[in-house]
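Here are a few exercises to work through with the model open beside you. Take them in order, and try each one before reading its solution.

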Amino acid sequence: MTDYKIPFTTFHNVINNELTSTATTRHSFCPSNEEALPEVPVSTQEDVDRAVAAAKAAFPAWKKLSQDERAAYLDKFGAALEANKEELTATLGREVGKPPQAAGFEMFLTQGLVQGTAALRLKDEKVIDDEDRTAIVRHVPLGVGVGIVPWNFPLALGVGKMAPALLAGNTFIWKPSPFTPYTSLKIAEIGAKVFPPGVFQALSGDESLGPQLTGHPDVAKVSFTGSVETGKRVMAACAGTLKRVTLELGGNDAAIVCDDVDVDAVVAKIGFLSFVHCGQICMNIKRIYVHENIYDKFLAALVAMVKQFKQGDHEDPEAFFGPVQNKMQHEKLQAFYSQIGKRGWKVALGGEPGAKSGKGFYMPPTIIDNPAEDETIVTDEPFGPIVPVLKWSDEDDVVRRANASKLGLGGSVWSKDVARAQRMAQELESGSIWVNTHFELAPNVPFGGHKESGMGMDWGIVGLQGWCNPQAYWTKHSGA
Ligand code: NAD
């Protein structure tokens, strides 16, 4: 295990299993206290070309390995993560602004993704098999894969691309967000101790790096997670060489609560799922539709629950959530919260924070009481700790309202009458539908969005297939 230990003091690109630096460097900031974090590389076109060439050179040998052999590498990588778990978790907490509990949860999810993906296998499907001929549908890897990752869940979302890409037989280059490059570079450094050169690499950079990768002619696939606007730009760039693309974009998930629920039990879950990681998860519940018969009781219980959540920094073991991740997001949220007064939204908890005082990008957890359906607090994804609670009375109408968004990542229905909840949930237009839960995930279950929440899915067999071209394979048993 000790062979896998790496230092966490300096940060490098990983190209062809070498740790490299760049002439220009940059740094980001700790969101809890705004302190400058260490310098990281700013990759140039030349770094991109070297990494892509190394990935291309490594591909033929890597794809020839069996899935079992590639899975054995992933298992070794999992053990190497374990050896560095404490430092990875602390670095993650510091760069993302996650208190230890939240950073520990992301680390746990990341390790589960490595293990769970290593257990998956792509299987050929024999669709014709008679005396004359066979036809098999198989899945062959694409070549050089690129993963472009946002700042909110940098470790789990990156590994959730890297592990399936590698298991399916591709080589992989990880591009972290400039806001959160640190843990990702360390993950690749750990990978350099495990994988053959060129199989798994990472490049840090500024905003020019993403376009350099999506425009590169030797990249075969881009799996992107981030905002809808950037996702559209990525897809347009990939069209140049018809790269395969998977897009995991924004969400505006609705939870529909029926009037037969145990209010306290459901509030405990929905409060958590709305505010965990300060509302900065694509799959946080972002609209809570509560039946009018229990609306007042539900809202009061939700306010009481959210008041108990402790906000604190990345070193506070008691804290439930921390600050928002960066200055840009903090400013966006301040502008968003300023609509409370201007638009006359009724505040059940929190409200406008006033001018920023002190260090750290903190925002008050806020609940808006029954705003009109066309207010931005309902139509837009704030990506922060602010949630509307809305009243409903008619099943068809509330499903229509839940579906009115141009986004379609996830949606849930909560009821003691499971058949009723299933009937309603099946009408939701989203990539994941849940009954009596939300944000339920597993490495063997695909995950992605409908409508403008994305295209294609990560994880599970569907995710592995997304890292491949399907191939029709015919054999005539005689005639040659
Ligand atoms: P973003 O779109 O600003 O950036 C995401 C990544 O794209 C970053 O690494 C960034 O450097 C890179 N990038 C920026 N411009 C690029 C370009 N032209 N070409 C290629 N790459 C480019 O998103 P963000 O602010 O980092 O993340 C927040 C958003 O991500 C939210 O909308 C959230 O809902 C979404 N998100 C979606 C999922 C999901 O799985 N569906 C998960 C997490 C976050």
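Before starting, note that the domain bounds used below come from an automatic or database domain assignment, and that this is a predicted model.

**Exercise 1.** Find out where the largest cavity lies with respect to domain 1 and domain 2.

*Solution.* Start with the search of the whole structure, which finds four cavities of 30 Å³ or more. The largest cavity has a volume of about 100 Å³. Next, list its lining: Leu109, Asn152, Phe153, Ala156, Leu157, Ile281, Cys282, Met283, Phe439, Leu441, Phe447 and Trp459. Now compare that list with the bounds of domain 1 (13-249 + 453-473) and domain 2 (253-435). Both domains give residues to the lining, so the largest cavity lies between them.

**Exercise 2.** Sort the linings of the largest cavity and the second largest cavity by residue class.

*Solution.* Take the largest cavity to begin with: its lining divides into eleven nonpolar residues, one polar and no charged. Then turn to the second largest cavity, with a volume of about 90 Å³. Of the 15 residues that line it, Arg287, Ala402, Gly410, Glu429 and Ser430 are the closest to its centre. Helix 14 (395-403), strand 17 (407-408) and strand 18 (410-414) are the elements that give two or more residues to this lining. By class, the lining of the second largest cavity has five nonpolar, six polar and four charged residues.

**Exercise 3.** Check the length of helix 10 against the expected span, then work out what its buried residues pack against.

*Solution.* Helix 10 (residues 295-308) has 14 residues, which at 1.5 Å a residue should span 20 Å. The expected span is 1.5 Å times one less than the number of residues. The end C-alpha atoms of helix 10 are 20 Å apart, which agrees. Now pick out the buried residues: Tyr295, Phe298, Leu299, Ala301, Leu302, Val303, Met305 and Val306. These pack against strand 12 (254-257), helix 9 (263-275), strand 13 (287-291), strand 14 (347-349), strand 15 (366-369) and strand 16 (386-392).

**Exercise 4.** Is Met235 buried, partly exposed or exposed, and which residues does it touch?

*Solution.* First locate Met235 in helix 8 (residues 228-239). Its relative accessibility is 34%. Buried means under 20% and exposed over 50%, so Met235 counts as partly exposed. Then look for contacts: leaving out residues up to four places away in sequence, Met235 touches Val245, Leu247 and Met455.

Key: Residues are numbered from 1 along each chain as its sequence is written. This is a predicted model: local features need pLDDT of at least 70, side-chain atom pairs count only at pLDDT 80 or more; totals for chains, interfaces and linings use all residues. Side-chain values use heavy atoms; hydrogens and water are left out. Helices (H or I, at least four residues) and strands (E, at least two) are DSSP runs, numbered from the N terminus. Buried means under 20% relative accessible area, exposed over 50%, partly exposed in between (1.4 Å probe, protein chains only). Contact means heavy atoms within 4.5 Å. On a 1 Å grid over the protein atoms alone, a cavity is a set of points where a 1.4 Å probe fits but cannot get out, and a pocket is an open set with protein on both sides within 12 Å along at least five of seven lines; lining residues have an atom within 4 Å of a point. Grid points are joined across faces, edges and corners, and a volume is the space filled by probe spheres set on the points. Ala, Val, Leu, Ile, Met, Phe, Trp, Tyr, Cys and Pro count as nonpolar, Asp, Glu, Lys and Arg as charged, and the others, Gly among them, as polar.
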